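Dear colleague,

Please find below the structure that I am handing over to you. I would be grateful if you could read the notes that follow alongside it.

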Amino acid sequence: MDLTLYPLGEYCDLLDKLGVLAAPLPEGLDRGRTVELVSYNSREVVPGTLFICKGAHFKPAFLADAARRGAFAYVSETPYPEIALPCIQVGDMRRTLAPLAVKYYNDPARKLKVIGVTGTKGKSSTAYYLKHILDGLNPKGCGVISSIDTYDGVENFESHLTTPEPLELQKHFAHAVSSGLEYVVMEVSSQALKYHRTLGTQFAAAAFLNIGTDHISPIEHPDFEDYFQSKLKIFAQAGLSCVNLDCDHGEEALSAARAGCGTVDTFSRRNPAADVFGHDVRKVGMDILFQVDAARLGGEYRLTMPGLFNVDNALAAIAVCQGLGIPREAVRAGLEKARVPGRMEVYSSENGDVTAIVDYAHNRMSFETLFRSVREEYPGRRIAAVFGCPGKKALDRRRDLGEVSGEYSDLVVLTEEDSGEEDTVSICKEIAAHVDCPCEIQPNRGEAIRRAVLSCDKPSVILITGKGAETRQKRGLEYIDTPSDVDYAQAFLREYDARRGR
């Protein structure tokens with residue numbers, strides 16, 4: 001990756017122009033020295049680094065370490081006079097960091113077509129639908145930055161954050177540019193928009209899927225309005241905005257899109273006046289077929305990934321592609337072969353009596369959609385659910401997921417799901433207080449899935465949600481390697497079969 005490097009003075013001028021400086025620049029600041037690296041990780045520091053002091057777990061010892069390794073100035077909301085480095089003091093680190101990252105990485109997004117996808121549910125599926133479509137246009141594929149995986153032409157790894165922090169995000173864009181990628185599709189979370197992680201990134205297109213209640217807590221969004229308004233910020237950064245007319249608050253989202261963006265297209269399954277209108281949805285064997293009325297991309301489409309609700313995500317992808325001029329055959333081929341790792345992955349016992357569905361559903365909206373779809377597609381079957389809730393985030397989910405699972409399930413088994421710095425059993429007890437059906441707590445996720453599968457004494461569907469194909473659990477501040485839910489489901493279905501002599 002070949003970057004043009006800039007002197008410290010240009011970074012200072014940028015912060016001054018943005019109005020984020022909270023104090024005069026210190027005397028003796030070497031404005032002419034080239035910034036070799038911008039980083040908040042002291043272990044990465046090289047001589048010539050501009051160091052960033054940020055994060056709830058920041059300690060002055062990190063800055064001292066950075067100074068020893070060669071940092072020559074630091075940016076911070078709080079000065080640390082005991083460290084012999086000049087401090088560039090700012091009043092709002094969140095508004096500061098993204099512009100610094102864009103500057104250091106030479107604004108790579110302007111050399112790409114970046115597509116942002118936001119919504120309470122469906123972000124991952126829509127992002128992967130778009131990736132499969134756009135993969136066909138470039139032999140090097142399409143980049144993706146999602147809550148599942150990240151691929152930027154250089155790095156390819158399992159993700160643990162829906163939208164990365166600004167320095168990582170701009171690095172991924174820079175990798176994509178250096179690798180010859182044309183498109184990058186990314187999920188854009190409400191937290192990323194609220195706290196300016198994507199500030200300075202221009203989206204070629206933005207898709208607004210839906211809005212429900214999620215991430216409402218004292219440590220995230222204090223209320224729904226803050227959550228909704230955070231989502232709407234994406235339109236001001238987009239050249240094209242695609243809005244779902246069927247979602248709650250759809251008219252408000254459409255008005256915000258028109259106010260913030262020059263070109264707005266709509267998609268719908270209910271309103272024939274939408275720019276992309278989907279209808280005549282039907283199952284043919286294991287496939288889902290539907291008809292689309294649209295100016296450029298009308299016709300019949302096929303999804304081979306289960307879940308009738310995925311038609312909505314496909315319509316979002318089609319709307320984006322129509323606005324960006326993607327050929328119809330590329331859209332058709334991409335949707336037909338599209339798969340999302342860990343999303344609606346279906347496994348069955350030999351006799352078909354037990355079906356395990358692994359999915360990332362993790363909030364009230366996605367839970368309700370998933371459970372309703374399962375009840376419709378597997379009528380009369382017993383339903384068991386295995387899930388948990390993450391530590392220190394989205395606290396409202398503990399009530400919501402308990403209520404929804406209790407309404408639709410015959411058995412709920414609560415377990416570990418990235419508990420982090422919280423106690424798994426305590427989280428599970430909070431959820432259990434809202435579950436109105438037989439409920440068990442098994443902190444070991446593998447044992448919880450095993451219990452759900454082996455307890456089946458009649459035709460059943462086991463919904464294993466929240467972790468999908470992920471192979472790590474957050475415990476404390478670290479991510480620990482574990483089998484994925486896919487691995488667990490397959491192993492315990494084999495055990496179920498073996499116990500019955502199959």
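The notes below concern one strand and its pairing partners, and then a single glutamine.

Please bear in mind that this is a predicted model.

Strand S21 covers residues 460-465, and six of its six residues are buried, so the strand is largely enclosed by the rest of the structure. In a regular strand the side chains alternate between the two faces of the sheet. Both faces of S21 are covered. On one side, Ser-460, Ile-462 and Ile-464 are buried, and on the other side Val-461, Leu-463 and Thr-465 are buried as well.

Two strands may be described as partners of S21. Strand S17 (residues 354-359) runs parallel to S21 and is joined to it by six bridges. Within this pairing, Ala-356 has Ile-462 of S21 as its bridge partner. Strand S18 (residues 382-387) also pairs with S21 in the parallel sense, over five bridges. Here the bridge partner of Arg-382 is Ser-460. Both of the S21 residues named in these bridges, Ile-462 and Ser-460, belong to one side of the strand.

The glutamine is Gln-291, which lies in strand S14 (residues 287-294). Gln-291 is partly exposed, because its relative accessible area is 25%, and the range for that class runs from 20% to 50%. Beyond its sequence neighbours up to four places away, Gln-291 touches Phe-277, Gly-278, His-279 and Asp-280, together with Gly-299 and Glu-300. Gln-291 and Tyr-301 are 10 residues apart in sequence, and their C-alpha atoms are 6.3 Å apart in space.

With kind regards

Notes. Residues numbered from 1 in each chain as written. Predicted model: local features only at pLDDT ≥ 70, side-chain atom pairs only at ≥ 80, totals over all residues. Heavy atoms only, no water. Helix = DSSP H or I, 4+ residues; strand = E, 2+ residues; numbered from the N terminus. Buried < 20%, exposed > 50% of the residue type's maximum accessible area, 1.4 Å probe, protein only. Contact = heavy atoms within 4.5 Å. Pairing = 2+ DSSP bridges.
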